[in-house]
Number of protein chains: 2
Amino acid sequence: MTADFQKPESLAGDIALDLIFRQARTYSHFLDRPVTDETLRAVYDLARLGPTSGNCQPLRIHFVRGAEAKARLEPALAAGNRKKTMAAPVTAIFAMDMEFYEQLPSQFHDPEARSWFAGKPKAIDEAAMRNGTLQAAYFILAARSLGLDCGPMSGFDREKVDAAFFAGTAWRSNFLCNLGYGNPGRLHPRNPRLDFDFACRIA
Amino acid sequence: MTADFQKPESLAGDIALDLIFRQARTYSHFLDRPVTDETLRAVYDLARLGPTSGNCQPLRIHFVRGAEAKARLEPALAAGNRKKTMAAPVTAIFAMDMEFYEQLPSQFHDPEARSWFAGKPKAIDEAAMRNGTLQAAYFILAARSLGLDCGPMSGFDREKVDAAFFAGTAWRSNFLCNLGYGNPGRLHPRNPRLDFDFACRIA
């Protein structure tokens, strides 16, 4: 056993399960309460611990908070996402660094890891999308665990966002997520979910 | 406010954060303790609550547990993943239903939702991959919250898995994840993680 590791004996209690899963909802409307840098850092510091393939960690995040940055984002949003996004305290652009493999020599114990990707666009695309999306999901659940609410969105023009925020870099947008403290008075009833017996099988 | 909704007042405590993020690790070796159907169902029932675009829920899971199914999986595994996977109590094949949009009429409040995808292979592929991967991440963290440990893996032949498990269906494999109760005596030290100031920016 590694010296610094001790697995907790208990399971996550009802408060955590309610907060992260059972009572959590996607919010379009947020309370007038700012999201601090410290909170965003605390969420990332939890989310970054989640597993990625070869510890490749392609997720990059641009947190859009100021009026100037919000104005740059607005033209890229689908019409139905504009008003709520402009009003949200923060909008995270979940992006992927398409040169993520350049960090592998410092992040993974196998010195060959960089060569699994360098010069291999198909492997890069697949790993960036899969692992960058896994990490974005870890971020969403970590945000909830610290009391934030999320409004993830796929409805936007990726090329416009990349041009407005990531020109001259290897970052590419994946999806967006409004962040804040949700206004429960503006929630609609939860949509249904597919049953285990429909979506899963054991054999 | 919807009648049945009450957001918890507290935040997730240290036990939950340790279990889900801070002390959680990727395991290759598991204790000799079975994973029950009830546990797999309880994990799915939490994970399915996580958000997907238009509530599209493309995730499907084949839980490989029996000797016959494990034997079918073995030839598709990368050499380095074979021994640990054959020894794991359960291996989840996280798959995507490429006809997920057929469920939208019952799962989403907008009757037009099916038409966003039907007959549009690029939109289907992108939504299946992004949302199926988000849901797989929710499953991993939900599994941890209920005391399970995970060993996710991308190293396998997707075509072989699809032929062995999903022939004649619209399910396609995304990645694999061993499940069980981890053996902490077989852990290596945790790899590093990228810092907030490297991976994120606020503007």
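Buried means under 20% relative accessible area. Cys56(B), at 3% relative accessibility, therefore counts as buried. This is a predicted model, and every value below is computed from it.

## Two copies

Chain B superposes on chain A after a rotation of 180°, with 0.0 Å of shift along the axis and an RMSD of 0.0 Å. The two copies are thus related as by a two-fold rotation axis. Of the interface residues of chain B, 99% are also interface residues in chain A, so the copies meet through the same surface.

The UniProt record, an unreviewed entry, annotates residues 22-181 of chain A as "domain: Nitroreductase". Over residues 22-181, chain A is 41% helix and 18% strand. The end C-alpha atoms of that stretch are 17 Å apart.

## Nonpolar cores

In soluble globular proteins, nonpolar side chains tend to be buried together. Here the largest nonpolar core has 104 residues. The residues with the most contacts inside that core are Phe63, Phe94 and Phe139, each in chain A and in chain B. A second, separate core has 25 residues, including Phe100(A), Tyr101(A), Phe100(B) and Met129(B).

What does Phe94(B) touch, leaving aside its neighbours within four places in sequence? Its contacts include Leu59(B), Arg60(B) and Ile61(B). Ala136(B), Phe139(B) and Ile140(B) are also among them. So are Ser173(B), Asn174(B), Phe175(B) and Cys177(B).

## Aromatic pairs

A search of the whole structure finds 21 aromatic pairs over all chains. Two of them are described here.

The first joins two chains. The ring centres of Phe196(A) and Phe63(B) are 6.0 Å apart. Their planes meet at 10°; under 30 degrees counts as stacked, so this pair is stacked. Phe196(A) lies in helix H8 (residues 196-199) of chain A, and Phe63(B) in strand S1 (residues 59-64) of chain B, so the pair links the two chains. Both rings belong to buried residues: Phe196(A) has a relative accessible area of 5%, and Phe63(B) has 0%.

The other pair is within chain B. Phe100(B) and Phe117(B) are edge-to-face, with 5.0 Å centre to centre and 70° between the planes. The two residues are 17 residues apart, and their pair links distant parts of the chain. Phe100(B) sits in the loop between strand S2 (90-97) and helix H5 (104-107). Phe117(B) sits in the loop between H5 and helix H6 (121-145). Phe100(B) is buried at 0% relative accessibility, and Phe117(B) is buried at 9%.

Ring pairs also build a cluster. Its members are Tyr44(A), Phe63(A), Phe94(A), Phe139(A), Phe175(A) and Phe196(B).

## Cysteines

How many disulfides are there over all chains? The count comes to zero. Cys150(A) is in no disulfide, and its nearest cysteine sulfur, that of Cys177(A), is 4.2 Å away. A disulfide needs the two sulfur atoms within 2.5 Å, so the 4.2 Å gap rules this pair out. Cys150(A) is buried, at 1% relative accessibility.

Why is Cys56(B) left without a bond? Its sulfur is 15 Å from the closest cysteine sulfur, in Cys177(A), and that is too far for a bond.

## Buried loop residues of chain B

Asn55(B) and Gln57(B) share a loop, between H2 and S1 of chain B. Helix H2 spans 37-47. Each has a positive phi in a residue other than glycine: near 55° for Asn55(B), and near 50° for Gln57(B).

Tyr27(B) lies in the loop between helix H1 (14-22) and H2 of chain B. Tyr27(B) and Asn178(B) are 151 residues apart along the chain, yet their C-alpha atoms are separated by 8.2 Å.

The table gives the relative accessible area of these loop residues.

| Residue | Relative accessible area | Class |
|---|---|---|
| Asn55(B) | 5% | buried |
| Gln57(B) | 2% | buried |
| Tyr27(B) | 2% | buried |

Technical notes:
Residues numbered from 1 in each chain as written. Chains lettered and ligands numbered in written order. Predicted model: local features only at pLDDT ≥ 70, side-chain atom pairs only at ≥ 80, totals over all residues. Heavy atoms only, no water. Least-squares fit on C-alpha atoms with pLDDT ≥ 70 in both. Contact = heavy atoms within 4.5 Å. UniProt positions renumbered as here; feature names shortened; annotations may be inferred. Helix = DSSP H or I, 4+ residues; strand = E, 2+ residues; numbered from the N terminus. Core = buried A, V, L, I, M, F, W, Y, C linked by side-chain atoms within 4.5 Å. Buried < 20%, exposed > 50% of the residue type's maximum accessible area, 1.4 Å probe, protein only. Phe/Tyr/Trp six-rings, centres within 6.5 Å; stacked < 30°, edge-to-face > 60°.
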